[in-house]
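Work through the exercises below with the sequence and the 3D structure at hand, and try each task before you read its solution.

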Amino acid sequence: MTRYRAILPTLLAILIISGTTSRGTTAYAGKNATGDTMTADTVAADSADMTYADTTAADSLLPDSLAADSLPLTKAESLMRLLDNKMFGTSQVAVMAYDLTADTLIFAHNERQLMRPASTMKLLTAITALHNLGSSYRLATSLIADGNTATQDSGQQQNIFIGDIIVRGGMDPLFNTDDMHAFVDAIAQQHIDTIYGDIRADRSFKDTLLLGEGWCWDDDNPVLTPLPWNRKDTFVRKYKQMLQAQGITILPTSLIPTDSLGNPTVTTPPARRRTLCTRTHTIQQILIPMLKKSDNLYAEALFYHIAAQRRRPATRRHTADIMRRLIASLGLNPAHYRIADGSGLSLYNYQTAELQVKLLRFAYHSPDIYPHLYPALPVAGTDGTLKKRMRTQPTLDNVHAKTGTLTGISSLAGYLTSADGNTIAFAIINQGIMSATSAKRFQDNVCRILCR
C-alpha cells in the first residue's frame, strides 16, 4: 500500500499533462475573448500556460449545450441565422431594422451597400411629395377657351365659337370618363354647336420625354405625357371624338361662312382667354394606387409634380435636386445615391437600406406625412401587393410595407409593430436573385422575427 501511495502523485501528473495535450490539438476554429481568430495552434499555446485549476474554472463558466440552445434568441441573433442561407452565396442582401419607439437600431447588414431599389423607390417619391407639396395638394387639368362666340350682323348671337379650345395638362393619371364628360359639358353649356378652330394641348407642364431614364424598351412602360388618357398619349383625340358625339362640330377657320364677296357672314368679338372647367384629384387619391398597387404612372406623375410646383416645364433633374435636398437633411450625402425616376422602373436608380429606413423614420416623425403615407401602404395578407403574403400571425394586418420587383431584384420596406407594441421601420433589398420567391420568403421571415 505504501508503494502505491508513493507513485500516486506521478500518476496524477501524467493524467493532467495528457488531458492538456489532448485539449490543445483538437481541431478548432473560433474567436477568443479579444475577437482574434483561434486555430488549433493558438489553442494549444493558450492551454500550455493554464494550470489545471484555471482550466476547471474556465469550463465551469460555460453553459452546457442543452441550456444554451433552450435560451431564446434575440431578434439580431435570429436574423443572423436567416443570413446563413445558400442563396446568399450567389446573391446580395441588405437589411436594416430600426425601433422607432425606442429610437434604437435593431439590426443592420450591408445597410450601406448600393443596390437597385425597384419599386421601393416609390417611398422616396411619396415622402418627398408630401414633404414639399403638402397633403392638400391637388393635380389639376383645365379646359381653356381662347377665342369668342360669333354674332350675326344683326347682333344675334350664333352658336359658333371662333378660336381654339385648349386643354392644359396637369399630368393627372386619375383623369377619367367622368372628367372628360365634364369637359364636353363645359362646351355644350356655352350653347356652342360649331367650333371654327382647333382643340390644342398645352403640354408645358413637363419636358417632352415620354419615357424615363434607363427604362428597358421591352417593358410595359407608362407614357409620360402631361395629358394621359387610359395610360396613353391620346387625350386630344378622345376629347374630339366625345365632342363630335355630342353634336359639336370642329372645323378649321378657313371654313368660316362668307358671302359672295368672300366676307365673313358673322362678326367675332375680340378674343378672350378664359377657363371653362378644371378637374382635380388629391395627392391622397394618387398615393393609394401608387403604393398599394405599385402603379408606375401614378408614381411618375407625382415625381414630376414635385418639380412642377416650382418651375415648368418640370424635368427629372429638377425633381432629383429636390430629393437630394431631403436626403441631405437626413444627415446623408446625396452624392452617394442615384435618382433616375420616381417609380423604380429604371435600372439606373441606386439606394441603400439605410437611406430607406431613414426616410421612413423621417416620415414617422412628421405629422404632415405619416398619416397619409401609412394608410396607402400595402397591408400583409389584406390588400395591395402584399395581399397574398404573410397571411398568418404575427405579420397578418401588421406589416405595412412597399414591395419592389424587377428582374433579379426583390425589395420590401415599411413599418410593423413588434410584440412589445413598438413601431419598427425596416428595409430589405435582395439583388442578383434567380428566384423572386426565395427572396420574398426571406423577407417574410425577417418580418416575422421583427414582429415577435
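**Exercise 1. Compare the expected span of helix H6 with the distance between its end C-alpha atoms.**

Solution. Keep in mind throughout that this is a predicted model. Helix H6 covers residues 121-133, which makes 13 residues. The expected span is 1.5 Å times one less than the number of residues, and for H6 this should come to 18 Å. The end C-alpha atoms of H6 are 18 Å apart in the model, which agrees with the expected value.

**Exercise 2. Decide how far H6 is enclosed by the rest of the structure, and look at what follows the helix.**

Solution. A residue counts as buried when its relative accessible area is under 20%. By this cut-off 12 of the 13 residues of H6 are buried, so the helix is largely enclosed by the rest of the structure. Among the buried residues are Met-121, Leu-124, Ala-126 and Leu-130, and also Lys-122 and Asn-132. After the helix comes Gly-134, which has a positive phi, near 90 degrees.

**Exercise 3. Which residues have the most contacts inside the largest nonpolar core, and which helix gives the most to it?**

Solution. The largest nonpolar core has 62 residues, and those with the most contacts inside it are Leu-287, Met-290, Leu-291, Leu-302, Ile-339, Leu-373 and Tyr-415. Helix H10, residues 296-308, gives the most to this core, with 10 residues. Take Leu-287 as an example: leaving aside neighbours within four places in sequence, Leu-287 is in contact with Ala-126 and Leu-130, and also with Lys-292, Leu-302, His-372 and Ala-376. Ala-126 and Leu-130 are among the buried residues of H6. A second, separate core has 27 residues, including Phe-107 and Ile-424.

**Exercise 4. Work out the strand order of the open sheet of 5 strands, and then describe its pairings.**

Solution. The order is S4-S3-S13-S12-S11, with antiparallel pairing. The edge strands are S4 and S11, each of which pairs on one side only. From one strand to the next, the twist averages 5 degrees. Within the sheet, 8 bridges join S3 to S13, and one pair of bridge partners is Tyr-98 and Ala-425. Helix H12, residues 353-364, packs on the sheet and touches S3, S12 and S13, and its direction makes about 155 degrees with that of S13.

**Exercise 5. Is strand S11 largely enclosed or not, and how is S11 joined to S12?**

Solution. In S11, 6 of the 7 residues are buried, so this strand is largely enclosed by the rest of the structure. S11 and S12 run antiparallel and are joined by 7 bridges. The hairpin has 2 residues between these strands, and Gly-408 takes a positive phi near 85 degrees there.

Definitions and conventions
Residues are numbered from 1 along each chain as its sequence is written. This is a predicted model: local features need pLDDT of at least 70, side-chain atom pairs count only at pLDDT 80 or more; totals for chains, interfaces and linings use all residues. Side-chain values use heavy atoms; hydrogens and water are left out. A nonpolar core is a set of buried Ala, Val, Leu, Ile, Met, Phe, Trp, Tyr and Cys residues joined through side-chain atoms within 4.5 Å. Buried means under 20% relative accessible area, exposed over 50%, partly exposed in between (1.4 Å probe, protein chains only). Helices (H or I, at least four residues) and strands (E, at least two) are DSSP runs, numbered from the N terminus. Contact means heavy atoms within 4.5 Å. Two strands pair if DSSP finds at least two bridges between them. Axes are lines fitted to C-alpha atoms, for helices over the stretch in contact, and angles run from 0 to 180 degrees between N-to-C directions.
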